[in-house]
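Work through the exercises below with the sequence and the structure at hand. Try each task before reading its solution.

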Protein chains: 2
Amino acid sequence: MPNYMNEKKLISISKLLCYYILVSTTAAGSGHPTSSLSAVELMATLFFNFYRYDLQDKKNVANDRIIFSKGHASPLLYALFAVIGELSEADLLKLRTFDSPLEGHPSMRFAYTEVATGSLGQGLSIALGMALANRLRGVSHEPYIYVLLGDSEMAEGQIWEALQLASYYKLSHIVGIVDVNRLGQRGETMLGWDIQTYAARAEAFGWNAIIVNDGHDSKQIQTAYKKALSQESRPSIIFAKTIKGKGVSLLENKDNWHGKALNVQELRESLKEIGDIDTTVKEHVHLPYTVEIKNMQKPNSEQLFTTYKKGDSISVREAYGYALNSLGRRHADVVALDAEMSNSTFSEEFKRSFPARFFEMFIAEQNMVSTAVGISSSGYKPFVSTFGAFFTRAFDQIRMAQYSNANIKLAGSHVGVSIGVDGPSQMALEDIAMMRSINESVVLYPSDAASTSQLVKVMYKHVGISYLRMTREKTKVLYDNTDTFFIGGSHVFPADGSSDALVVAAGITLHEALYAQERLKNIGVYITVMDCYSIKPLDSTTLRVLVREARCVVTVEDHYIFGGLGEAVQNELVGLPVRVIQLAVRKRPRSGSMDDLLAYEGINADAIVNSVISLTGLHD
Amino acid sequence: MPNYMNEKKLISISKLLCYYILVSTTAAGSGHPTSSLSAVELMATLFFNFYRYDLQDKKNVANDRIIFSKGHASPLLYALFAVIGELSEADLLKLRTFDSPLEGHPSMRFAYTEVATGSLGQGLSIALGMALANRLRGVSHEPYIYVLLGDSEMAEGQIWEALQLASYYKLSHIVGIVDVNRLGQRGETMLGWDIQTYAARAEAFGWNAIIVNDGHDSKQIQTAYKKALSQESRPSIIFAKTIKGKGVSLLENKDNWHGKALNVQELRESLKEIGDIDTTVKEHVHLPYTVEIKNMQKPNSEQLFTTYKKGDSISVREAYGYALNSLGRRHADVVALDAEMSNSTFSEEFKRSFPARFFEMFIAEQNMVSTAVGISSSGYKPFVSTFGAFFTRAFDQIRMAQYSNANIKLAGSHVGVSIGVDGPSQMALEDIAMMRSINESVVLYPSDAASTSQLVKVMYKHVGISYLRMTREKTKVLYDNTDTFFIGGSHVFPADGSSDALVVAAGITLHEALYAQERLKNIGVYITVMDCYSIKPLDSTTLRVLVREARCVVTVEDHYIFGGLGEAVQNELVGLPVRVIQLAVRKRPRSGSMDDLLAYEGINADAIVNSVISLTGLHD
């Protein structure tokens, strides 16, 4: 065990942290001093006594991690790194300014931020992912993942999703520290200072709950950490009663001071109250243990992927399962997560081959996505699957993932009205819009098994957030196994003559478009069909070339009209002399057969034929 | 208390329910017979003994409500209504067909569906809303809200959000019934049959947890309901150990039978096993009590709204608070919910005037939105506010709300990079895309206090889902208090001469566009500025008229480029001879001043001026 810092030094450091918090936020004119002050002793005790981290080697798998789930306490985070000399006071005084990496909430622009936080309730789930990664890697002297939580964020359901899963997986090396300062943004929290009730809830969820009655007493805090670190089968969570704004009587336990900085006069008086501050105090953090990696997995780069025969019927989701399985054989860093749907998303194919690299996340999508962020931040490449509709549950987590530079691959099945009988609650009809709106995302939508296989490989290689939209129903194999698919690509089925119109489709509607192509040919109308399998980025070059030939365009998609394929395509066509009909889901769907529903929404071959005829004026 | 049905009759009815479930799903060729069978006795005991409902008066406020949170057990729901004669066997045999109202998951097309379900984990939150509405209304003999839950969905964090809030608000007239059949879709649930652990968790969350060791024994079940109905301060939840597929040995407690129907041969054998079925059994449900409404609130239709002076500086969110408050005085059915942000969204203005009609939902956005659905289904008009960024947390709940015909008004503040220093985690930059993608939605985005005031009134009148996008910063009042604003409208600031270009903006960027208009005028360039405050539906008529004049268009928005204002506008321009520049947020934002960020993202007056000059070729 490390040497514990003596009480006197800890008090001196705590004062310095307090000073840094106050001066940096006053300089910024905003920020959360009170929420930072309440956790000073909790974090100082951790940082200088228990935390093990190699500042020279941030990627060291033996490093402990600290996540500020209450991201608004960032002034405290930066203050800690100032005490160890990684930031100067001058750096702190640039808090929240445009050129400073010290943002209002921790972002990846600050070198020691583990993951971006600021949307509450996500830190524990990310820790879960990091702990699963450590287990998978088989790190001896398993490092700890510490998570600082606010009491307000304990109201987020995602917290309880993470708690239940962490105890289910017996992740004893997660330590939660809840700063129970009683006050939320606009008043008292649901439970106030009732740390007993918090603890009872956490215990019921299978955690080792530890109570600290005075969260500013470093002896009590030290004892709590020791208890946490002695646990062998259960994760631990410390509920510490603290005072918001601790140390400054103007702020202590006062309403209406959330997210507000002191003005210069108030700062001056507060610093007087704190007394002598030794700004020369410097400390270090302990180095991590030297560890062994037990589970070096052997990849097999020769692993072949399933091949398909043109004309065979197989669903995209099934092909996803086979491709994921092959990818797993080829690359040891592939892991998979699923929310109780593995037999529908076919991620069970992967699970069968790699039970240790498959994580059942149960029906808790928010936690699943954030867990994947944690896993990816530990160097693995998580493929995350469930019904496309249910990724809407994790939109905030996906949104935040981009700010953590997460490398996660999402696969959503059962998209569109084509699922038929289960009805609208199960239909992903907003998922393209959602995934496109994420600024740093890629959206792929294969139509058959062969392209799916290729696109899963593409997703593996892509660094960032990618989404695979997967049709439930079986579809015909359209492509050769050697056809190439890439981000920003498309595939063209040329017209059998000079092109009268261009039909842009993807996924299930591509098949409808190809039927329409056949039927129209029989009446002497020739259309080009573009498989826009890369919805974002879109292959605008090919699109523009095709539009130059055929100035009538029909877009057709199994998605609501807003923010989907049709809008993406039309956006590329502005200013060009084209006529466009957008076929998309416009009416509230219902249960029925796929054919009924495609017809009802006007996105089947009939609708395409009619649109082409009406656009081209060929009915005259 | 009602007369309890005798055991023999209950067995006979249970058999009939079992029969209906099996034949309807086999006829459909899909559906969830096993998940329905496990809850037969739980629901039959409730339906015929405790439930009080007036079939002739579905809107009767004295009615109890039953929500199938496990919506996939819909065959059981329909079977219950067949036993009371509201559906025929022939109706049941049309399950899941296109023209039948009996959808795969309960939808509003079936007359007795309270709310659409099918995305798990939302039913309890909706019940919470109904119970709050009953309390608010002051219904004597307070009706009960019964919620049938699956054990798999207990993993959803939203469930725990609802549990904590229901006990916080002491909603003793909610009764949860958890059908613990041990098996999820692809295998055992996290807790299996461990009903003790479920109960311990619920108790820790402040509920009266009741255990039923045999969820097929109607005596045990009856005792459990009696216990639940005798509670006076805590909500109750029954954890009943059941057998999935109960009654059919082929199915009982078997894996791989989730969501699958028996084939005809299997059905024949199963029916043989069940034995004699009396299809002539008919039953009724008890009528509700005659109740008094205690809290008839007196509206004041003369209530005036705050007026503003052109040129004054006031934030949209502040104007929202004042307008909501006035609306509350004018209409007694206005209620407000907020997720711990009422001092930032200014919903605290309403809270101060109407504490009983304001519900603090704490930081649990999923539950908040579903609670609003429940409140709206009880006839109130909920305004739901938080940061726009955090509505992404409730996207699934908003998506499902449209299928419940919910009448909810969402107000998201702190949108865009213009919030500045707090950084990207707090910035709503995907919210327009998200809210547009909801098929049945309205998206409004006021730029000043006067238009906000009008649009809040518009939202009150609109029936459905509407979203108000609110800027954090103070902005100048641009409009007169008498100017009119409506869904599908816009406002035009004409060019001071023949128009060289059209700039389409909304919210904060409207102000930038107006600065640009001034600056360009000084150099002899004249632009028309369109305030596109109704983003969905868009005022395409006006847009097209303006584009006919000025064939250069600049769209400018404080939102990511995908799915926002720019795309919505460009979609209307396809085929027209226009040149368009889309200004939007393209780079990952960071902390900084508003001006820094608007400049960094190229969405300020400078960027507009430069775009106009480059588009119109006026720099030549």
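A crossover is called right-handed if, with the strands pointing away from the viewer, the path from the first strand over the helix to the second runs clockwise. The model used here is predicted. Chain A averages a pLDDT of 96, and 99% of its residues score at least 70. For the complex, the predictor gives an ipTM of 0.98 and a pTM of 0.98.

**Exercise 1.** Describe the surroundings of strand 3 of chain A, residues 174-180.

Solution.
- Step 1, the unit. Strand 2 of chain A, helix 7 (residues 157-168) of chain A and strand 3 of chain A form a β-α-β unit, and the unit is right-handed.
- Step 2, the first neighbour. Six bridges link strand 2 (residues 145-150) of chain A to strand 3 of chain A, in the parallel sense. One residue pair to find is L149(A) with its bridge partner V178(A).
- Step 3, the second neighbour. Strand 5 (residues 236-241) of chain A also pairs with strand 3 of chain A in the parallel sense, over six bridges. Here V178(A) stands opposite F239(A).
- Step 4, the two faces. On one side I174(A), G176(A), V178(A) and V180(A) are buried, and on the other V175(A), I177(A) and D179(A) are buried.
- Step 5, the conclusion. Seven of the seven residues are buried, so strand 3 of chain A is largely enclosed by the rest of the structure.

**Exercise 2.** Give the strand order of the seven-stranded open sheet in chain A, and find its edges.

Solution.
- Step 1, the order. The strands of chain A follow one another as 8-7-9-10-12-11-17, with mixed pairing.
- Step 2, the edges. Strand 8 (358-360) and strand 17 (534-536) of chain A each pair on one side only, which makes them the edge strands.
- Step 3, the twist. From one strand to the next, the twist averages 20°.
- Step 4, one pair inside the order. Strand 9 (residues 381-387) and strand 10 (residues 408-413) of chain A run parallel and are joined by five bridges. S385(A) has A411(A) in strand 10 of chain A as its bridge partner.

**Exercise 3.** Which chains does the salt bridge between E567(A) and R436(B) join?

Solution.
- Step 1, the contact. The two side chains meet at 2.5 Å, N to O.
- Step 2, the locations. E567(A) belongs to helix 20 (residues 565-573) of chain A and R436(B) to helix 16 (residues 431-437) of chain B, so the pair joins two chains.
- Step 3, the exposure. Both E567(A) and R436(B) are buried.

**Exercise 4.** Are E349(B) and R352(B) buried or exposed?

Solution.
- Step 1, the positions. Both residues lie in helix 13 (residues 348-353) of chain B, three residues apart, about one turn of the helix. Their side chains meet in a salt bridge of 3.3 Å, N to O.
- Step 2, the cut-offs. Buried means under 20% relative accessible area, and exposed means over 50%.
- Step 3, the comparison. E349(B) has 14% and is therefore buried. R352(B) has 56% and therefore counts as exposed.

**Exercise 5.** Locate I608(B) and list the residues that it touches.

Solution.
- Step 1, the element. I608(B) is part of helix 22 (residues 605-616) of chain B.
- Step 2, the exposure. The relative accessible area of I608(B) is 0%, so the residue is buried.
- Step 3, the contacts. Leaving aside residues up to four places away in sequence, I608(B) touches V503(B), T509(B), E512(B), A513(B), A516(B), V556(B) and L583(B).

Methods
Residues are numbered from 1 along each chain as its sequence is written. Chains are lettered from A and ligands numbered from 1 in the order in which they are written. This is a predicted model: local features need pLDDT of at least 70, side-chain atom pairs count only at pLDDT 80 or more; totals for chains, interfaces and linings use all residues. Side-chain values use heavy atoms; hydrogens and water are left out. Two strands pair if DSSP finds at least two bridges between them. Helices (H or I, at least four residues) and strands (E, at least two) are DSSP runs, numbered from the N terminus. Axes are lines fitted to C-alpha atoms, for helices over the stretch in contact, and angles run from 0 to 180 degrees between N-to-C directions. A salt bridge is a side-chain nitrogen of Lys or Arg within 4 Å of a carboxyl oxygen of Asp or Glu. Buried means under 20% relative accessible area, exposed over 50%, partly exposed in between (1.4 Å probe, protein chains only). Contact means heavy atoms within 4.5 Å. pLDDT is the predictor's confidence in each residue, from 0 to 100.
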